[in-house]
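Okay, thanks for making time, everyone. I'll put the structure up and then walk through it.

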Amino acid sequence: MQRPFVNPHRAEPCRPDWGLRAGLHWRSRPHAGAAAVAAQTLRASALLLASVMALQLTACSSPPAKPSSPAQAQGQAQNQNALRALRRGDTASALASYQAALAAAESVEDFESSAVALLNLATVHSQLGQNEAALAQVDRILAGPALFSVAAQAQAAARKALLLLDQGQTPQALSWADSSMLLCPSACALAPAMNNLRAHVVLGRGELERATSLALQAAEQAAAAGLQAEQANGQRLAGRALSQQGQHERAAQLLAQALLLDQTLGLPDRIASDLQYAAQNEVRRGQLGAAKAYLERAWVVSQAAGHTARAAALRQQLQSMADTAPR
């Protein structure tokens, strides 16, 4: 369960490294065969990017200040209740607590705390698959430039970009990503994730060189900011793009670097994706034995993490490779 950072104070750009260590997930569906594994991996990549960004956006707040009013104290208490509810997997209670935190902030016109509550509500709605409700929360921030800070608007624009990407509305997603970057200062902490979003979209369009450039830029920005999960995203995307360009050695290096970071962060879903893309790279350069070894490792990770649909698809792909191997 991803855990939105709860802080009923100022919504400002930051470097939320701790939040990226939370366990991430995607919505698995039963698939079979090599093409199905590739499709599932692509979907997983998009959702993982959204999960990381959800954590990053809601984390961008200053340390909580001492409450200046009973309403602010109530908001802080409700945010803590929401965090505890999320930790035990009770999203319904978390949603109610964030709504109470929003009401407390609105009762005293504390717009910065309201923005944080709205972003947290959007994150929980997104987790529940309620994208329209999530969009409604961020749109409230975007519709009030006279009330909400530029930093809060930048975060809302970035969150909207990810929600639209998850709905397959890529042109609109890119437009909101651009809006987020325009609102952000030059050293904005949202830059790595927004460049990864762009890389993800153009890679899907087959613009391999541009995808490589954007992903490497994102990885460099993330490394400088200490955002390890976002750095791994950029390395993985660049590795995929380079693999499709025939630059297999460089692709293997980047995928290995992404894998090491994801192992350090302890993210099974992303570890399995790294291994699958490494296998694809080995297939492209004709190293079927190495590809099989990567897929077997991905199967072990998926099976151990309880992702049975993905594990079954990987097992079928491994069987297909065995059936087509020279005898």
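I'll go from the overall layout to the cores, then two helices, and finish with a few side chains.

A caveat before that: this is a predicted model, where local features need pLDDT of at least 70, side-chain atom pairs count only at pLDDT 80 or more, and totals for chains, interfaces and linings use all residues. Residues are numbered from 1 along each chain as its sequence is written, and side-chain values use heavy atoms, with hydrogens and water left out.

So, the layout. The protein chain has 14 helices and zero strands; helices here are DSSP runs of H or I with at least four residues, strands are E runs of at least two, and numbering starts at the N terminus. Of the 327 residues, 55% are buried, and by that I mean under 20% relative accessible area, with exposed being over 50% and partly exposed in between, using a 1.4 Å probe on protein chains only. If you take contacts with a separation of 6 or more, 65% of them join residues 24 or more positions apart; contact means heavy atoms within 4.5 Å.

Now the cores. A nonpolar core is a set of buried Ala, Val, Leu, Ile, Met, Phe, Trp, Tyr and Cys residues joined through side-chain atoms within 4.5 Å. The largest one has 24 residues, and Tyr98, Val138, Ile141 and Phe148 have the most contacts inside it. Helices 2, 3, 4, 5 and 6 each give two or more residues to this core, with helix 4 providing the largest share, seven residues. There's a second, separate core of 15 residues, including Cys184 and Cys188.

Phe148 comes up again in the one aromatic pair of the structure. Its ring and that of Phe111 have centres 6.0 Å apart and planes at 80°, so we call it edge-to-face. The rule is centres within 6.5 Å for rings of Phe, Tyr and Trp (its six-membered ring), with planes under 30 degrees apart stacked, over 60 edge-to-face, and the rest tilted. Phe111 is in helix 4 and Phe148 in the loop between helix 5 and helix 6, so the pair ties together parts that are 37 residues apart in sequence. Phe148 is buried at 9%, while Phe111 is partly exposed at 25%.

On to helix 11, residues 248–265. Its 18 residues reach 26 Å from first C-alpha to last, close to the 26 Å expected, where the expected span is 1.5 Å times one less than the number of residues. Which of its residues are buried? They're His248, Ala251, Leu254, Leu255, Ala258, Leu259, Leu261, Asp262 and Leu265. They cover an arc of only 165°, which puts them on the same side of helix 11; the arc is that of the directions from the helix axis to the C-beta atoms. Glu249 and Leu260 are exposed on the other side. The cover over the buried residues includes helices 9, 10, 12 and 13.

Helix 2 also has 18 residues and its end C-alpha atoms 26 Å apart, which agrees with the expected span. Helix 3 and helix 4 are among what covers its buried residues.

Last, some backbone and charge details. Gly89, just after helix 2, has a positive phi of about 80°, and Gly266, just after helix 11, has one of about 75°. Glu109 isn't a glycine, yet its phi is positive at about 55°. Most residues other than glycine have a negative phi. Glu109 sits in the loop between helix 3 and helix 4 and is exposed at 56%. Finally, the charged end of Arg315 sits over the ring of Trp299, 4.4 Å from its centre; the cut-offs are NZ of Lys or CZ of Arg within 6 Å of the ring centre and within 35 degrees of the ring normal.
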